[in-house]
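Grab a pencil and work through these exercises with the model open beside you. Try each task yourself before you read its solution.

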Amino acid sequence: MKRRLVAAALVVSGLALAAIGTVGAARAASSHTPTLEVTVIHATAGDAGLAIDPQLKELSPATVQQAPFVRFSAYRLLQRKPFALVGNQAVTLLLPNGRTLQATLTGVSVAVKDGGPSEKRYQLEAQIVAAADSGATSFLRSLQVTVSENEPFFVGGQSYRGGTMFIELNVRP
C-alpha cells in the first residue's frame, strides 16, 4: 500500500513539474524579443553587368530592377548586424561613412488577415544622424514605417565611395 502511495505521489509530482515546465516554456516563448537585422549595402554603377554579393540573399534580381536600385549594377555587403528590439529603446549603428543609424521600436500591433492567421506588425522609427564633429544635423529625419516580420525595407541615398549605401532593416522573429 505504501509503495502505491509513493508511486502515486511521484506521478502527481511528475505531472505538476511537467505543467510548470509547460507554463515556463509558454512564458519564455511569449517574452521572446524580436531582432532587427541591419544590412549595409554598397551599390555602384558599371558596365560589367549585374553583380550581387552572394551574402545578400534577400536582394533578388527582381528587387534591383525597381527604382531606385535599377540605377546600379553591383551590390556588395558592407556590414550586417542584429540588434535585440526592445520597445522605445534606440539601437545605433555607426555607418561606414561616419554617420549613425538610429532605429527604435515604437509599437507592436496584431493584424488579422481575412480568414487567415494573425500577424505581428512592428512600428519602427529610423533616422540617420551626422557625425558629431561634422556640424550638420540629421540626414534622414524620423522615417516611420510599419512592417511585418521578415519584410525588409530599405533606406538609401547615402553617398559612399563612388556609389550609394542602401541600408536594409528587417525584423526577425
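## Exercise 1: Rings that meet

This is a predicted model, so keep that in mind throughout. In it, ring pairs link F69, F72, Y75, F154 and F166 into a cluster.

**Task.** Find how many aromatic pairs there are, and work out how the rings of F69 and Y75 are arranged.

**Solution.**
- Step 1: Start with the count, which comes to 4 aromatic pairs.
- Step 2: Look at F69 and Y75, whose ring centres are 6.4 Å apart with 55° between the planes. Planes under 30 degrees apart count as stacked and over 60 as edge-to-face, so what is left in between is called tilted. The F69 and Y75 pair is therefore tilted.
- Step 3: Now try F72 and F166, with 5.8 Å from centre to centre and 80° between the planes, which makes an edge-to-face pair.
- Step 4: Check where that pair sits in the chain. F72 belongs to the loop between β2 and β3, while F166 is in strand β9, so the pair links distant parts of the chain, 94 residues apart.
- Step 5: Are F72 and F166 buried or exposed? Both are buried, and F69 and Y75 are buried too.

## Exercise 2: Lining up the strands

**Task.** Work out the order of the strands in the open sheet and say which strands stand at its edges.

**Solution.**
- Step 1: Read across the sheet. Its 5 strands come in the order β2-β3-β1-β9-β8, with mixed pairing.
- Step 2: Look at the ends of that order. β2 (51–52) and β8 (153–160) each have a single partner strand, so one side of each has no neighbour in the sheet.
- Step 3: Zoom in on β2. Strand β3 (residues 74–84) runs parallel to β2, and 2 bridges join them. I52 has Y75 as its bridge partner in β3.

## Exercise 3: Two hairpins and a glutamine

**Task.** Follow β5 to its neighbours β4 and β6, then see what Q123 touches.

**Solution.**
- Step 1: Pair β4 (residues 91–94) with β5 (residues 100–112): they run antiparallel and share 4 bridges. One landmark is V91, whose bridge partner in β5 is A103.
- Step 2: Check the turn. This hairpin has 5 residues between its strands, and G98 takes a positive phi near 90°.
- Step 3: Go on to β5 and β6, antiparallel as well, with 12 bridges. Here T100 stands opposite V129 of β6. There are 5 residues between these strands, and G115 in the turn has a positive phi of about 70°.
- Step 4: Find Q123 in strand β6 (residues 118–129). A polar atom of the Q123 side chain lies 3.0 Å from the backbone nitrogen of V108. Beyond its close sequence neighbours, Q123 contacts residues including T106, G107, V145 and T146.

## Exercise 4: Into the core

**Task.** Which residues have the most contacts inside the largest nonpolar core?

**Solution.**
- Step 1: The core has 24 residues, and the best-connected ones are L36, V38, L95, L101, L124, I167 and L169.
- Step 2: Trace where the core comes from. The elements giving two or more residues are β1 (35–44), β4, β5, β6, β7 (138–148), β8 and β9 (163–172).
- Step 3: Follow L101 as an example. Among the residues it touches are V38, L95, I167 and L169.
- Step 4: Look for another core. One of 10 residues lies apart, with A43, V64, Y75 and F166 among its members.

Methods. Residues numbered from 1 in each chain as written. Heavy atoms only, no water. Polar contact = N/O pair within 3.5 Å; in protein donor to acceptor, adjacent residues only side chain to side chain. Contact = heavy atoms within 4.5 Å. Pairing = 2+ DSSP bridges. Core = buried A, V, L, I, M, F, W, Y, C linked by side-chain atoms within 4.5 Å. Buried < 20%, exposed > 50% of the residue type's maximum accessible area, 1.4 Å probe, protein only. Phe/Tyr/Trp six-rings, centres within 6.5 Å; stacked < 30°, edge-to-face > 60°. Lists of a residue's contacts leave out its neighbours within four places in sequence.
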